[in-house]
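The following note sets out comments for a colleague who will examine the coordinates alongside the text. The points are numbered for ease of reply.

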Amino acid sequence: MSRHAILIIDMLNDFANDKGSLYCLGAARITKNLQRLMKWVRKREGDDIQLVHIQEAHRKNDADFRVRPVHAVAGTWGSDFIEELYPEGDEYIVPKRRHSGFAYTDLDLYLREENIDTVVVTGVWTNVCVRSTATDALARAYKVITLSDGCDSKTEEMHEYGLKDLSIFAKVMTIDEYIDAWEKGLDPWEGGGDKENKVK
């Protein structure tokens, strides 16, 4: 059976709290959806689905701040997880300093140690960190699922552009569709990607 890692990407105070320095309006739209998803995973028996929290945690003079406002500095309130989606137990946390959760982190090593074959991306922003992480997952030969109502961006337009790009190589589905597939014993990733080049 397939083994999945659901990546909760950058649901941090600086992105998902209205006092954050890079507040993303879409974060509020998906918080309750992600709470429901995480509750479902935590109630499951076995470890065929794991929650992995991706945490942007920059150094004070990070190169990222040459092009973006200062945000999510390691050890600060801005880099901490929002209360509603705080990690629990031994759920793995991956600090990152670049858009992708794979860039200069041990995420790939962790996934391979856990025999994960499918990466499920959620969080913010769809068109930046979510997309970058998904792209790098594909480059490492993971199957990729994007939960359309589990990720969002600063604007609806950015979110939709991100989903369209992701649909070229990922399976885009809702949280309900994802849960329903598991409950029925089906592989949620089946039919993913764009083998017939239909995305426009």
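**Notes on helix 4 and its surroundings**

1. Helix 4 is followed by Ala141, a residue whose phi is positive, near 70°. The model is a predicted one, and the backbone value should be read accordingly.

2. As to its dimensions, helix 4 comprises 14 residues and spans 18 Å from its first C-alpha to its last. That span is close to the 20 Å expected at 1.5 Å a residue. The helix is nevertheless kinked by about 25°, with the kink centred on Ser132.

3. Which residues of helix 4 are buried? They are Thr126, Cys129, Val130, Thr133, Ala134 and Ala137. The cover over these buried residues includes strand 1, strand 2, strand 3 (92-96), strand 4, strand 5 and helix 5.

4. Thr126 belongs to helix 4, which runs over residues 126-139. Thr126 counts as buried because its relative accessibility is 0%, where the cut-off is under 20%. Not counting residues up to four places away in sequence, Thr126 touches Arg131, Cys151, Asp152, Ser153, His159, Gly162, Leu163 and Leu166. Thr126 and Gly150 lie 24 residues apart in sequence, with a C-alpha to C-alpha separation of 9.4 Å.

5. Glu160 is located in helix 5 (residues 156-166). Is this residue buried or partly exposed? Glu160 counts as partly exposed because its relative accessibility is 42%, which falls between the 20% and 50% cut-offs. Glu160 is separated from Asn127 by 33 residues in sequence and by 8.3 Å in space, C-alpha to C-alpha.

6. The largest nonpolar core contains 31 residues, and those with the most contacts inside it are Ile6, Met11, Leu37, Trp40, Val124, Leu147 and Tyr178. At least two residues of this core come from each of strand 1 (4-9), helix 1 (13-16), helix 2 (25-43), strand 2 (49-56), strand 4 (118-124), strand 5 (143-152) and helix 6 (175-183). Helix 2 gives the most to this core, namely seven residues. In soluble globular proteins, nonpolar side chains tend to be buried together.

7. Val124 merits inspection in its own right. Leaving aside neighbours within four places in sequence, Val124 is in contact with Ile9, Asp10, Met11, Phe15, Cys24, Ala27, Ile30, Cys129, Val130 and Asp152. Two of these partners, Cys129 and Val130, are among the buried residues of helix 4. A second, separate core has 24 residues, including Val52, Val94, Phe102 and Ile116.

Note on methods. Residues numbered from 1 in each chain as written. Predicted model: local features only at pLDDT ≥ 70, side-chain atom pairs only at ≥ 80, totals over all residues. Heavy atoms only, no water. Helix = DSSP H or I, 4+ residues; strand = E, 2+ residues; numbered from the N terminus. Buried < 20%, exposed > 50% of the residue type's maximum accessible area, 1.4 Å probe, protein only. Contact = heavy atoms within 4.5 Å. Core = buried A, V, L, I, M, F, W, Y, C linked by side-chain atoms within 4.5 Å. Expected span 1.5 Å × (residues − 1). Bend = angle between axes of the 7 residues up to and from the residue.
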